[in-house]
Amino acid sequence: MTQYFRNTSMESASTILMPGRRPGGLRPGALLAAGLVACSALAQDNRPATGLTQSVLDQEIKRVEREVDNIEKQALAEWRALPINSSTRMNQVRILGKLLLFDKNLSVNKNEACSFCHMPDTDFTGPISILNETTVSYPGSVRSRFGHRKPQSYTYAPFFPVLLYNASQQDFYGGNFFDLRATGYKLQNPAAEQAQDPPVDPNEMGIIQTVDLSRVWLEVCR
Ligand code: HEC
């Protein structure tokens with residue numbers, strides 16, 4: 001992470017603008033000219049304001065809800081067609097994961113699955129362009145409440161190790177979430193700790209008590 005911030009420093013930016021030249025050798029005039037070129041390129045971007053209105057958002061939310069429902073239906077069909085024996089164990093786990101990720105019952109108003117904010121066709125981040133261009137964060141099950149950040153494209157998250165300090169990189173490594181707060185210390189798995197948050201977050205799936213969640217999941221597993 002510190003590496004990321006280092007890369008965004010002014011020194012690196014000027015090296016990118018003038019490849020092959022050391023930043024110390026840059027004349028202020030050259031830097032200014034490069035800045036003006038960049039600004040005039042931006043000024044030519046005359047796109048109209050994005051037009052985020054309640055009715056456009058409502059339509060988009062409905063579209064994603066329909067897509068989530070369709071994938072959940074497919075997953076149920078796959079589950080029913082699967083012979084349950086030891087040779088299909090891998091597929092049993094895969095389909096169970098799909099059933100959970102696309103299950104709207106895990107939210108207080110039964111309208112928001114995990115995938116609402118992490119859809120496969122947008123590489124498991126948010127699927128609503130107009131939100132990606134404006135708020136960046138996504139509404140929760142209570143549609144007037146928004147999460148705090150951009151949904152992460154999470155395909156590699158289960159492979160991250162428990163958060164630890166790597167002495168040779170001089171940086172922290174592992175954990176889940178942008179700020180790595182799902183460390184994995186308690187459950188020895190960051191993704192398992194992460195998955196406990198969205199269902200009970202009032203700005204996301206909003207289930208008030210975790211006991212409700214375990215009841216719903218038990219029903220799914222039956
Ligand atoms: C309302 C939108 C929303 C919903 C619903 C949601 N997420 Fe997220 N997800 C986010 C946001 C925003 C982040 C980044 C949060 C942060 O870093 O603080 C995130 C982060 C994650 C991460 C961390 C990825 C990483 O690389 O560290 C995983 C894994 C994840 N979500 C899985 C899930 C699962 C599983 C569910 C359902 C139980 C779920 N999400 C429901 C918005 C959502």
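Mentor: Start with D201, which is found in the loop between α8 and α9 (210–221). This is a predicted model: local features need pLDDT of at least 70, side-chain atom pairs count only at pLDDT 80 or more, and totals for chains, interfaces and linings use all residues. Residues are numbered from 1 along each chain as its sequence is written.

Trainee: What makes D201 partly exposed?

Mentor: A residue is buried with 20 or more other C-beta atoms within 10 Å of its own, exposed with 12 or fewer, and partly exposed in between; C-beta atoms are placed from the backbone. D201 has 16 such atoms, so it is partly exposed. Along the sequence, D201 and G147 are 54 residues apart, yet their C-alpha atoms are 8.7 Å apart.

Trainee: How do you know what counts as a helix or a strand?

Mentor: Both are DSSP runs, numbered from the N terminus: helices are H or I over at least four residues, strands are E over at least two. By that rule the protein has 9 helices and 2 strands. Their order is α-α-α-α-α-α-β-β-α-α-α.

Trainee: How confident is the predictor, and where is the mean pLDDT lowest and highest?

Mentor: pLDDT is the predictor's confidence in each residue, from 0 to 100. The average is 81, and 71% of the residues score at least 70. Helix α2 (residues 10–17) has the lowest mean among the elements, 31, while α4 has the highest, 97. Over residues 1–26, pLDDT stays under 50.

Trainee: How many contacts does the model have for residues 1–26 beyond four places in sequence?

Mentor: It has 15. Two residues are in contact if their C-beta atoms, placed from the backbone, lie within 7 Å. For the protein, take contacts with a separation of 6 or more: 47% join residues 24 or more positions apart.

Trainee: How do you know that the span of α5 (89–101) agrees with a helix?

Mentor: The expected span is 1.5 Å times one less than the number of residues. For the 13 residues of α5 that gives 18 Å; the end C-alpha atoms are 19 Å apart, so the two agree. Now α4 (54–81): 28 residues, 40 Å expected, 41 Å from first C-alpha to last, which is close.

Trainee: Which residues of these two helices are buried?

Mentor: In α5, I95, L100 and L101. In α4, V68, E72 and A75. Those buried residues of α4 pack against α5. Across the protein, buried residues make up 18% of the 222 residues.

Trainee: What makes a group of residues a nonpolar core?

Mentor: It is a set of buried Ala, Val, Leu, Ile, Met, Phe, Trp, Tyr and Cys residues joined through C-beta atoms within 7 Å. The largest one has 16 residues; V68, L101, F102, L106, A113 and F116 touch the most other members. Two elements, α4 and α5, give two or more residues to this core. The largest share, 3 residues, comes from α5. Take F102: beyond its neighbours within four places, it is in contact with V68, I71, E72, A75, A113 and S115.

Trainee: Which residues come nearest to the ligand?

Mentor: C114, C117, N176, F178 and P198, out of 24 around it. A residue is near a molecule or strand if its C-beta atom, placed from the backbone, lies within 6 Å of it. Helices α7 (190–194) and α8 (197–200) each supply at least two residues of this shell.

Trainee: How do the shell residues divide by type?

Mentor: Into 14 nonpolar, 6 polar and 4 charged. Ala, Val, Leu, Ile, Met, Phe, Trp, Tyr, Cys and Pro count as nonpolar; Asp, Glu, Lys and Arg as charged; the others, Gly among them, as polar.

Trainee: What makes a positive phi worth a note?

Mentor: Most residues other than glycine have a negative phi. K110 is not a glycine, yet its phi is about 50 degrees. Its place is in the loop between α5 and α6 (129–132). F177 is not a glycine either, and its phi is about 85 degrees. F177 lies in the loop between β2 (171–173) and α7.

Trainee: Why are K110 and F177 called partly exposed?

Mentor: K110 has 13 other C-beta atoms within 10 Å, so it falls in the in-between class. F177 has 16, so it does too.

Trainee: Where does N111 lie, and why is it called partly exposed?

Mentor: N111 lies in the loop between α5 and α6. Its count is 18, so it is partly exposed. Outside its neighbours within four places, N111 is in contact with E65, K104 and S141. N111 and M205 are 94 residues apart along the chain, with their C-alpha atoms separated by 8.6 Å.
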